[in-house]
Amino acid sequence: MRKSGTLRRYQSVFISFLILLGATRTPSQQEQHYLYVAMPGSDDAGEDRSVRLLVFDIDRAHRFVKRIALWPAGAGDEETVRGVAAYAGTRRLFISTTRRLAAVDLSTEKVVWQKSYEDHCCDRFAVSPDGQTIYAPAFGGPKWYVINAAAGELRTTVGAPGWARDAIYSRDGGRVYLSAWESDVLSIADTRRNAIVKTVGPFGGYLCPFTLNARGTLAFANVDGLVGFEVGDLQTGLILDSVEAQGYDKDAAEKYECPSHGIGFTPDERELWIADGVQNRLHVFDATVYPPAPLTSLELPAPPAWISFSVDGRYVYPSTGDVVDARARKIVATLEDDRRVTARSEQILEIDFADGRPIRSAQRIGAGPK
C-alpha cells in the first residue's frame, strides 16, 4: 500500500511537471514574427534616401523595432530598392537595388556580399527553393542574371524580350517564370539548361506584376490598361480569361502605366487580391471558383503599387504602408518608423525567428514557407 501511494504521488508530480512545461514552452511564445520593409522604394518620396531595412513586430501591433542601415545616400542618381527575398536555411536576406545585389546575414545584420553586374543591377528577383540560385532581372535590359546565391558570382545570363522586371520560381525549382515590361508574353525558363523553353501569351497588354497558383498550372497577371487580371495556361501557353474589377473609370485607367500594379493569392489560395491605382483600392476576388469572382473592395489613402501577405494570411500589406486585416477588410495599423515616417515600399517581407534564428519567410506563391 505504501508503494502504491508513493507511486501515485510521483505520477501526480510528473503530470504537474508536464503541464508546467507545456505552459512555459509553447511554439507561439518561442517564435517571433517580424516584418522587414526595404527602403527607399520607387514609390517613396521621403527625404531619407539611404538604403535601409525597417523592422516591425507583427505580434505587437506592428510596432517599430529597429532600422538596419545598409548604404548611405549617394550622389547623382538615386538608388532605390527593387527587390527583397530571404532564405531561412542560410539565414540570409537578399536585396536588390538599381546599383547592386547583396546578401545580408540575418543573425549579424551585416552585408555578406554585394555585387554589381554590368555596372548596375537588378529588378525584382527570385531565390530558388533550395536557396542556391538567384534569377535577377537586369534593370533596364532584356536579360536575366543567373547568380550563385552563396557568393554572388554570375553564372550565366538568359535573354528575353523587353525590360526584364520580375521572376518567380516553380515549387520544385525546375522552372522560373519571367516577365518583362514592353513584352506581352510570360517566358518560362528551364533552370537546368538556363534557357527559355516556352512562352505564355500574348496577353492583352504589356505584362505588369503576376502570380502563380500553387499547382503551377495557371498564371494570373496584371496587364497594362486593365484594372483586374488575365489568366494564362502554363501548359498550353494560351490566355484563358480576362477579368475586370468593378466600377472603375476605364478612360482614367488608360492614363496609367499598369493601373493594377499588384496581385497575390492569400496563403490558403482562397482569395485573390488586386491593386487598383486608379481608385486607390484593393479588390478582393473569390479564388475558390474559376474564374475568380469579385467579393468586395477596400479603400486606401494612397495608390497601392504592390501587395504582400503575412505568412499566416492574417494581414495584407499594400505598398502604401497600411496594415490591412484580411478577414475584417479594414486598415488596423500604419507602418511608421522611429521618426514617425510612414514606411511606403513595395519590398515587404515577413521573416519568423525562433531563439534568434530565422525559421521561415513569406513566399510569393503557395509553395509553403522557406
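Visitor: Where is tyrosine 290 found?
Guide: Tyrosine 290 is in the loop between strand 22 (281-286) and strand 23 (293-299). Keep in mind that this is a predicted model.

Visitor: Buried, exposed or partly exposed, that tyrosine 290?
Guide: Partly exposed, because its relative accessible area is 42%, and the partly exposed class runs from 20% to 50%.

Visitor: Which residues form a nonpolar patch on the surface?
Guide: Leu238, Leu240 and Tyr290. Together they have about 290 Å² of accessible area.

Visitor: Switching to rings. How many aromatic pairs?
Guide: The count is 13 aromatic pairs. Take tyrosine 117 and tyrosine 145: the ring centres are 5.2 Å apart and the planes meet at 35°, so this pair is tilted.

Visitor: Which parts does that pair tie together?
Guide: Tyrosine 117 is in the loop between strand 7 (111-115) and strand 8 (126-127), and tyrosine 145 is in strand 10 (residues 143-148). So the pair ties together parts 28 residues apart in sequence.

Visitor: And why does tyrosine 117 count as buried?
Guide: Because its relative accessibility is 5%, and buried means under 20%. Tyrosine 145 is buried too, with a relative accessible area of 1%.

Visitor: What about phenylalanine 220 and phenylalanine 265?
Guide: They form an edge-to-face pair, 5.1 Å centre to centre with 85° between the planes. Phenylalanine 220 is in strand 17 (residues 218-223) and phenylalanine 265 in strand 20 (residues 263-265), 45 residues apart. Phenylalanine 220 counts as buried at 4% relative accessibility. Phenylalanine 265 is buried at 11%.

Visitor: Which residues form one aromatic cluster with Phe220?
Guide: Phe229, Phe265 and Phe285 join Phe220 in one cluster.

Visitor: Which ring does the charged end of arginine 124 sit over?
Guide: The ring of tryptophan 306, at 3.3 Å from its centre. Arginine 100 has its charged end over the ring of tryptophan 71, 4.2 Å from the centre.

Visitor: New topic, strand 13. How many of its residues are buried?
Guide: Six of the seven residues in strand 13 (residues 175-181) are buried, so the strand is mostly covered.

Visitor: What does strand 12 do with strand 13?
Guide: Strand 12 (residues 163-169) pairs with strand 13 in the antiparallel sense, over six bridges. Alanine 167 stands opposite leucine 178 there. The two strands form a hairpin with five residues between them. Glycine 173 in that turn has a positive phi of about 80°.

Visitor: And strand 14?
Guide: Strand 14 (residues 186-190) also pairs with strand 13 in the antiparallel sense, over four bridges. Arginine 175 has aspartate 190 as its bridge partner. This hairpin has four residues between its strands, and glutamate 182 in the turn has a positive phi of about 65°.

Note on methods: Residues are numbered from 1 along each chain as its sequence is written. This is a predicted model: local features need pLDDT of at least 70, side-chain atom pairs count only at pLDDT 80 or more; totals for chains, interfaces and linings use all residues. Side-chain values use heavy atoms; hydrogens and water are left out. Patches are made of residues with over 30% relative accessible area and no salt bridge: like charges are joined within 9 Å, nonpolar side chains (Val, Leu, Ile, Met, Phe, Trp, Tyr) within 5 Å. Accessible areas come from the Shrake-Rupley method with a 1.4 Å probe; for residues, only the protein chains shown count as cover. A salt bridge is a side-chain nitrogen of Lys or Arg within 4 Å of a carboxyl oxygen of Asp or Glu. Buried means under 20% relative accessible area, exposed over 50%, partly exposed in between (1.4 Å probe, protein chains only). Rings of Phe, Tyr and Trp (its six-membered ring) pair if their centres lie within 6.5 Å; planes under 30 degrees apart count as stacked, over 60 as edge-to-face and the rest as tilted. A charge sits over a ring if NZ of Lys or CZ of Arg is within 6 Å of the ring centre and within 35 degrees of the ring normal. Two strands pair if DSSP finds at least two bridges between them.
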